[in-house]
Amino acid sequence: MTGKKTNHEFEHISDIIRTTLGKWLQTSGEPITRVWELWDATVGDPIAKNTRPACLKNQTLTVHVSSPAWIQELRFSKKNLIEKINTAAGSHLVSDIKFKVNI
């Protein structure tokens with residue numbers, strides 16, 4: 001059985017897709033690409049493990065969240081998250097965030 005990996009750690013499909021898309025879209029200049037790049041470091045590990053930015057339209061960022069409980073928690077932090085994202089990006093990318101449970 002040569003050639004097979006013996007790594008027993010699973011990687012979430014969204015991480016694989018984000019990594020792949022990041023490679024393809026690095027030069028696109030799209031604002032959502034910038035949000036994807038800075039998301040994990042900006043929001044911190046607990047939030048990053050339970051959320052993924054999905055789309056950015058008219059400065060409204062839609063974020064997929066793992067559960068309704070996280071939506072409730074993040075609504076209290078929305079203003080702070082917007083400030084952190086815009087500061088990390090060095091420009092005003094986001095003016096609002098909508099949270100959606102990703103089933």
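# Exercises on strand pairing, core and salt bridges

In this predicted model, strand 2 and strand 3 (residues 96-101) run parallel and are joined by six bridges. The exercises below start from this pairing.

## Exercise 1. The order of elements

Determine how many helices and strands the protein has, and in which order the elements run from the N terminus.

*Solution.* Step 1: the count gives four helices and three strands. Step 2: reading from the N terminus, the order is α-α-α-β-β-α-β. Step 3: within this order, strand 2, helix 4 (residues 68-89) and strand 3 form a β-α-β unit, and the unit is right-handed.

## Exercise 2. The neighbours of strand 2

Establish which strands pair with strand 2, in which sense, and whether strand 2 is enclosed or open.

*Solution.* Step 1: with strand 1 (residues 51-57), strand 2 pairs in the antiparallel sense, over six bridges. In this pairing, V65 of strand 2 has T51 opposite. Step 2: with strand 3 the pairing is parallel, again described by six bridges. Here V63 faces F99 of strand 3 across the pair. Step 3: the burial of strand 2 (residues 60-65) is then considered; five of its six residues are buried, so the strand is largely enclosed by the rest of the structure.

## Exercise 3. The hairpin turn

Identify the residues with positive phi in the loop between strand 1 and strand 2, and state how far each is exposed.

*Solution.* Step 1: strand 1 and strand 2 make a hairpin that has two residues between the strands. Step 2: N58 is located in this loop, and its phi is positive, near 55 degrees, although the residue is other than glycine. Step 3: Q59 lies in the loop as well, and Q59, not a glycine either, has a positive phi of about 65 degrees. Step 4: the accessibilities are compared with the cut-offs, by which over 50% is exposed and under 20% is buried. N58 has a relative accessible area of 69% and is therefore exposed. Q59, at 33% relative accessibility, is partly exposed.

## Exercise 4. The nonpolar core

Describe the largest nonpolar core and state which elements supply at least two of its residues.

*Solution.* Step 1: the largest nonpolar core has 21 residues. V35, L61, I85, V94, I97 and F99 are those with the most contacts inside this core. Step 2: at least two residues of the core come from each of helix 2 (31-43), helix 3 (45-50), strand 2, helix 4 and strand 3. Step 3: I97 serves as an example. Leaving aside residues up to four places away in sequence, I97 touches L61, V63, K78, L81, I82 and I85. Step 4: the core is set against the whole chain. Of the 103 residues of the protein, 29% count as buried. Among the contacts with a separation of 6 or more, 52% are between residues 24 or more positions apart. The protein exposes about 7400 Å², of which carbon and sulfur atoms supply 55%.

## Exercise 5. Salt bridges

Give the number of salt bridges in the protein, and for D40, D45 and D96 find the partner and the place of each residue of the pair.

*Solution.* Step 1: the count comes to four salt bridges. Step 2: D40 forms a salt bridge with R52, with 3.1 Å between the closest N and O atoms. This pair links distant parts of the chain, since D40 belongs to helix 2 and R52 to strand 1, 12 residues apart. D40 is partly exposed at a relative accessible area of 31%, whereas R52 counts as buried at 19%.

Step 3: D45 meets K49 in a salt bridge of 3.3 Å, N to O. The two residues are four residues apart in helix 3 and are therefore separated by about one helical turn. K49 is exposed, with a relative accessible area of 63%, and D45 is partly exposed, at 49%.

Step 4: D96 forms a salt bridge with K78, and the closest N and O atoms are 3.2 Å apart. Because D96 lies in strand 3 and K78 in helix 4, the pair ties together parts that are 18 residues apart in sequence. D96 is partly exposed, with a relative accessible area of 25%, and K78 is partly exposed at 25% relative accessibility.

Notes
Residues numbered from 1 in each chain as written. Predicted model: local features only at pLDDT ≥ 70, side-chain atom pairs only at ≥ 80, totals over all residues. Heavy atoms only, no water. Buried < 20%, exposed > 50% of the residue type's maximum accessible area, 1.4 Å probe, protein only. Contact = heavy atoms within 4.5 Å. Areas by Shrake-Rupley, 256 points an atom, 1.4 Å probe, with all protein chains shown as cover. Pairing = 2+ DSSP bridges. Right-handed = clockwise from strand over helix to strand, strands pointing away. Core = buried A, V, L, I, M, F, W, Y, C linked by side-chain atoms within 4.5 Å. Salt bridge = Lys/Arg side-chain N within 4 Å of Asp/Glu carboxyl O.
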